[in-house]
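Biologist: I would love a close look at one part of this predicted model, the nonpolar core. Could you walk me through the core and then the strands and loops that go with it?

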Amino acid sequence: MLASILKSRRQILRASLGAGFLAANAKASAAAWLPPTPSQPAGPFYAPFKPLSIDNDLVFLPGRPQPADGDILHISGRVRDQSGKNVSGARVEIWQANRYGRYNHPRHENSNLKLDPNFQGFGHDQTDTDGIYRFRTIKPGAYPDSPTWLRPPHIHFAVFPPASAPWTTQLYFADEPLNETDFLLQGLPTEADRIRVTMTLGPPAPDLEPDSRMGKFDIVLGTPGVEQRKI
Ligand SMILES: [Fe+2]
């Protein structure tokens, strides 16, 4: 009888230790689980064809000595998964309007906005062993998406990790008045989400163009199939 009671107490103790261990582990996992960069739709202007000179510098095109019109930006960041692990070897693509708000895309051909023949409009980079990517581009202009909706300056991002599905989002700029009325940005569930896709620009590093600006945009890839939008 006593042996049986002791045995059942041992079982209870073991069970409660197991439950405690699991709870502690779950807490640790939850603490390490990073919130993803909110996904945003790719929109209608994803490049239907890629420029032959695809690279991570959208400011200069081969054979054209003039830079693209606009304020030069240097954007870099780290791509991680939700466990915090750097994602190396990911292809990072960006596409955006030029400084006048015009995409070099057939769907924007009926726009009265000015084309800039020196602007690449689309670029890609590959994350290094630390998950870092970088681009040189210009600050895009705002453009009307409809007669009543003026989209704030933004840059589209698509990340293609080596081992999971692509992730798309849009990057916005801090202190842009049009951010306050943008359905896509304001449609994000929380202020924290809006902050995650908004970049503050600062002065350039000493080795960069003195009148350029720098910004950092880290990306946390979400769980494919849960919050991802298809390209
Ligand atoms: Fe756009």
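Modeller: Gladly! A good place to start is the contacts between residues at least 6 apart in sequence: in this chain, 73% of them join residues at least 24 apart. Please keep in mind that this is a predicted model. Its mean pLDDT is 86, and 81% of the residues reach 70 or more. Residues 1–22 have a pLDDT below 50, and beyond near neighbours in sequence that stretch has 0 contacts in the model. Residues 226–231 also have a pLDDT below 50, but here the model shows 17 contacts beyond near neighbours in sequence.

Now for the overall layout. The chain holds 3 helices and 11 strands, and from the N terminus on they follow the order α-β-β-β-β-β-β-β-β-α-α-β-β-β. Of the 231 residues, 29% are buried.

That brings us to the core you asked about. In soluble globular proteins, nonpolar side chains tend to be buried together. Here the largest nonpolar core has 34 residues, and the members that touch the most others are Val79, Val92, Phe157, Val159, Leu171, Ile219 and Leu221. Two or more residues of this core come from each of β1 (72–80), β2 (91–95), β4 (132–138), β7 (154–160), β8 (167–173) and β11 (219–220). The largest share, 4 residues, is given by β8.

Val79 makes a handy viewpoint. Setting aside neighbours within four places in sequence, Val79 is in contact with Val87, Ala90, Val92, Thr127, Gly131, Tyr133, Val159, Ile219 and Leu221. One of these contacts is also a strand pairing: Ile219 in β11 is the bridge partner of Val79. β1 and β11 pair in the parallel sense over 2 bridges.

Follow β1 further and you meet other partners. With β10 (residues 213–216), β1 runs parallel and is joined by 4 bridges; His74 stands opposite Met214 there. With β4, the pairing is antiparallel and covers 7 bridges, and one residue pair to look for is Ser76 with its bridge partner Arg134 in β4.

Next, turn to the strands β2, β7 and β8, which also contribute to the core. They belong to an open sheet of 5 strands in the order β3-β2-β7-β8-β9, with mixed pairing. At the edges stand β3 (122–126) and β9 (198–199); each has a single partner strand, so one side of each has no neighbour in the sheet. Within the sheet, β2 and β7 are antiparallel and pair over 5 bridges. To find your bearings on that pair, look for Arg91, which stands opposite Phe160 in β7.

In the sequence leading up to β7 there is a hairpin of β5 and β6, with 2 residues between the strands. Strand β5 (residues 143–146) and strand β6 (residues 149–151) run antiparallel and are joined by 3 bridges; Ser146 stands opposite Trp149 in β6.

The loops give a nice contrast in burial. Pro152 sits in the loop between β6 and β7, and because there are 21 C-beta neighbours inside 10 Å, Pro152 counts as buried. Beyond four places in sequence, Pro152 is in contact with Ala142, Tyr172, Glu176, Leu178, Asn179 and Asp182. Gly101 is 51 residues from Pro152 in sequence, yet their C-alpha atoms are 9.4 Å apart in space.

Another proline, Pro48, lies in the loop between α1 (2–32) and β1. Pro48 has 8 C-beta neighbours inside 10 Å and therefore counts as exposed. Even so, Pro48 touches His105 and Pro106, not counting residues up to four places away in sequence. Its C-alpha atom is separated by 10.0 Å from that of Arg107, which is 59 residues away along the chain.

One last stop is the loop between β8 and α2 (183–186), where you will find Asp175. Although not a glycine, Asp175 has a positive phi of about 65°. Asp175 counts as exposed, because there are 8 C-beta neighbours inside 10 Å. So while β8 gives the core its largest share, the loop that follows β8 holds this exposed residue.

Terms used. Residues numbered from 1 in each chain as written. Predicted model: local features only at pLDDT ≥ 70, side-chain atom pairs only at ≥ 80, totals over all residues. Core = buried A, V, L, I, M, F, W, Y, C linked by C-beta atoms within 7 Å. Buried ≥ 20, exposed ≤ 12 C-beta atoms within 10 Å, placed from the backbone. Contact = placed C-beta atoms within 7 Å. Pairing = 2+ DSSP bridges. pLDDT = per-residue confidence, 0-100.
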